[in-house]
Structure formats: structure tokens, C-alpha cells
Amino acid sequence: MHESKNINLTPFNTLALPGQAARYQKITTPEQLAAATTANEKRFILGGGSNLVLNGNFDGLILHMAIPCKRLLKEDAESFYIEAGAGENWHDFVQWTLQQGYPGLENLSLIPGTVGAAPIQNVGAYGIEVGELLHNVTAWDFEKQAFLTVDRSACRFGYRDSVFKQQGWHLSGRMAITSVVFRLPKAWVANTRYADVTQELAAQQISTPTPQDVANAIIAVRQRKLPDPAIIPNAGSFFHNPVVDHNVAHALASQNPALPCYPQPDGRVKLAAGWLIEQAGWKGKNLGPVGMYEKQALVLVNRGGATGADVRRTMAAVQADVKARFGVDLTPEPIFL
Ligand SMILES: Cc1cc2nc3c(=O)[nH]c(=O)nc-3n(C[C@H](O)[C@H](O)[C@H](O)COP(=O)(O)OP(=O)(O)OC[C@H]3O[C@@H](n4cnc5c(N)ncnc54)[C@H](O)[C@@H]3O)c2cc1C
């Protein structure tokens, strides 16, 4: 695969923001990474562009990950070990695991993007985070000019967090994940503790769900609640759910009895960012061509023709209003390029 110049990036980001890459290369094999770029070059590793805010043109090299592979690597008495290439579409991969009889990832159905990006922010949904089921990650290290394998414990997964973010490697383009191995336990137990999922299964009159039933229920719920980026460009949840000290949460809850609070193992409390944004008056509200989605206030949407500057303006306005109303800081979830 050869390098191209001045490539339009609008089709490669789900917010459909304008921008051009000075240089662009599609990566279909791990070996191409070694040949593609030198250690100190300005680069960005791109997956499906579903967690990305483009700030306009990028004057470096975009490496667009398209490495394929999905296979059973090995199995033992307890688990299936499944390997997937970084460029595989995440949702298609999850559906493939279910069709092959390897359950475990079903709660993460319909998350856009690629397999290689899933560990970066430890994607999570409906009570599961990918880090719980990940065995290891193989990556090309541009600084060391070598492939390395990062075990699950060394990935240091947290809420929408991993060592790749903690070290800033996602911004510097230091590491390109080439493949991921998942460890899926053979003893499967349905995780249907989210009310939306239980209600959907009940509506479908399913009392003993299979892994595919759980996936289908989650797909149905997500399709109802979230905008399809192909129709209304967006990057999913735009802000992290803020985690605050117990005292702060207690004071807020006494003034706002409906405030959703989720106690964390470390004693702090996670608040629902979507609820805070809605209460601050932003559900369905626009600022220029950018707004917060009418069915889910946590999702920022491009109403048409927005730029990265428009996104940042709306983001700042939402943050300011939530801060003024609740004293809580919201931090954005997507990566700003
Ligand atoms: C409608 C919608 C719903 C969503 N729902 C969820 C959800 O439920 N849960 C959730 O956690 N997220 C969700 N997201 C966010 C997004 O889908 C995930 O963060 C996803 O993992 C991003 O994948 P991507 O391939 O598009 O990554 P990109 O947006 O292309 O990149 C994201 C970051 O990962 C880095 N990166 C990408 N690939 C690699 C690689 N191979 N090696 C090294 N670095 C890499 C990039 O450099 C960048 O820093 C949603 C997004 C949308 C649009």
C-alpha cells in the first residue's frame, strides 16, 4: 500500500467534520507499520474515527488501521482465546464471536469503531468493559521500532482509560495496536442487570436469554436511544460521567433528590453526565450547527456543516452551564486531533 497526499478526512470521522491529511496510508499488515514511518515523524493512528474531533487539517501522516484477522487462537478447559486484527470492525467482530459460539462480548454490540481502538479507552457498555475480557494486545512501538505484547494487567484499564491514554501514546502516535487477544470464559452467565436490557428481553418474552438474545436486546435499545452516525453525525457519549468525592455527591443529592448517583469501589461517586446536561437545559438545544441530541443529552451531534471549532464552542458552553449549575467539571471523551 502506498502513501497518498491531501486526503479528505470527512468520510473517516463519524462527526463528519472537515479536514485534510497531508499524508495518508492504509495499513493492512503489521509489517507495513515498520516501513511506513520513522520514529520522530508526526503521525496519528486512525481507526473508525468514531471517538474523534477533527480540528481541521492535519499536517502529518495518518495511518489508517485496516489489518484483518479473526480466529480461535487456542482454548483450554475454562476459556476460548480469540485473536482479532486491529482493523476489524468492532460490531462485526462481536457478532462473529457469537455466531462461532464464543460468548462474552455481547453487551458491547453496536459500539462503532475498530478492534484496535477498543482497548485505548477500554470501551464499555451495559455493565461490561472490554478490559475484563482482554488477554493481551500486540502493538508496534515506533520509538523502539519493535513489536511488543502488552498483557491485560499492564494495560492498566480504568473507566474509559488505559495505559495507552495514561502515557499519551494515543495522541503522540507512539504505539499502533496491530491485534488483540480476548479470553472468553466458557462458563457463560448473562449480564442483564441494566434495566433497559431486562425490559427489552421481557418485551420480547425471553426469560432465559442466549448470548445472541442479549446482543439483539442491546442492539434494539441502542438503536432506539442513540443516533446512527450515518444519518446524524456524532461521536457517541461526548463527556465522561464525572466521578466526585462522596461529600460533593451527598451535597448535590440533597439539593437535587433525583440526581443519579453510582457509588464506586474507592468510595467516590459517579454521576450521570447526561442528567446534568439535561438539567442544565441542553437536551435538544443547539448552538449554531452543533447540539445535544434530543433523545440523549450526552450525545453531541453535528446538525450539518459543523467544523471542529463549532464542536469546541458547544462543548465549552455545555461545560460552563453544568459548572455554573452544579459546580461539576465535565471532561470530553473523544480525542481531539
Ligand atoms: C454512536 C456511537 C456510540 C458509541 N458508544 C460507545 C459505547 O457504548 N461505549 C464506548 O466505550 N464508546 C462508545 N463510542 C465511542 C467509540 O465507538 C469507541 O471509543 C471506539 O472504540 C472508537 O473506535 P475507532 O476505531 O473509531 O477509534 P478512532 O476514533 O479512530 O480513534 C480513537 C483513538 O484510538 C486511537 N487508535 C485507534 N486505533 C488504534 C490502533 N490500532 N492502535 C493505537 N491507537 C489507535 C486513535 O489514535 C485515537 O486516539 C460510541 C461512538 C459512537 C459514534
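In this predicted model, helix 5, which covers residues 195-203, has Val197, Glu200 and Leu201 among its residues as buried positions. Viewed down the axis of helix 5, the buried residues fall within an arc of 95 degrees, so they line one face of the helix. On the other side of helix 5, the exposed residues are Ala195, Ala202 and Ala203.

The chain as a whole is divided into four stretches by the domain assignment, with domain 1 spanning 4-65, domain 2 spanning 70-185, domain 3 spanning 195-225 and domain 4 spanning 234-336. Taken over C-alpha atoms, the centres of domain 2 and domain 4 are separated by 27 Å.

An open sheet is formed by 4 strands in the order 1-2-5-3, and its pairing is mixed. Strand 1 (4-8) and strand 3 stand at the edges, and each has a single partner strand, so one side of each is left without a neighbour in the sheet. From one strand to the next, the twist averages 40 degrees. In general, the strands of a sheet pair through backbone hydrogen bonds, in either a parallel or an antiparallel manner. The two edge pairings of this sheet are set out below, each with one pair of residues that stand opposite each other.

| Strands | Direction | Bridges | Opposite residues |
|---|---|---|---|
| strand 1 and strand 2 (residues 20-27) | antiparallel | 4 bridges | isoleucine 7 and alanine 21 |
| strand 3 and strand 5 (residues 58-65) | parallel | 4 bridges | arginine 43 and leucine 61 |

How many of the 5 residues of strand 1 are buried? The number is 0, so strand 1 lies largely in the open.

Strand 3 also takes part in the surroundings of the ligand: strand 3 (43-46), strand 8 (124-125), strand 12 (175-185) and strand 13 (234-237) each supply at least two residues of the shell around the ligand. In total, 34 residues surround the ligand, and the closest of them are Gly47, Gly48, Gly113, Gly116 and Gly236. Sorted by class, this shell holds 20 nonpolar and 14 polar residues, while charged residues are absent from it.

Taken together, strand 3 is an edge strand of the open sheet, runs parallel to strand 5, and supplies at least two residues of the shell around the ligand, whereas strand 1, at an edge as well, runs antiparallel to strand 2 and has no buried residue.

Note on methods: Residues numbered from 1 in each chain as written. Predicted model: local features only at pLDDT ≥ 70, side-chain atom pairs only at ≥ 80, totals over all residues. Near = placed C-beta within 6 Å. Nonpolar A, V, L, I, M, F, W, Y, C, P; charged D, E, K, R; others polar. Pairing = 2+ DSSP bridges. Axes fitted to C-alpha atoms, helices over the stretch in contact; angles between N-to-C directions. Domains from an automatic or database assignment. Buried ≥ 20, exposed ≤ 12 C-beta atoms within 10 Å, placed from the backbone. Arc of directions from axis to C-beta.
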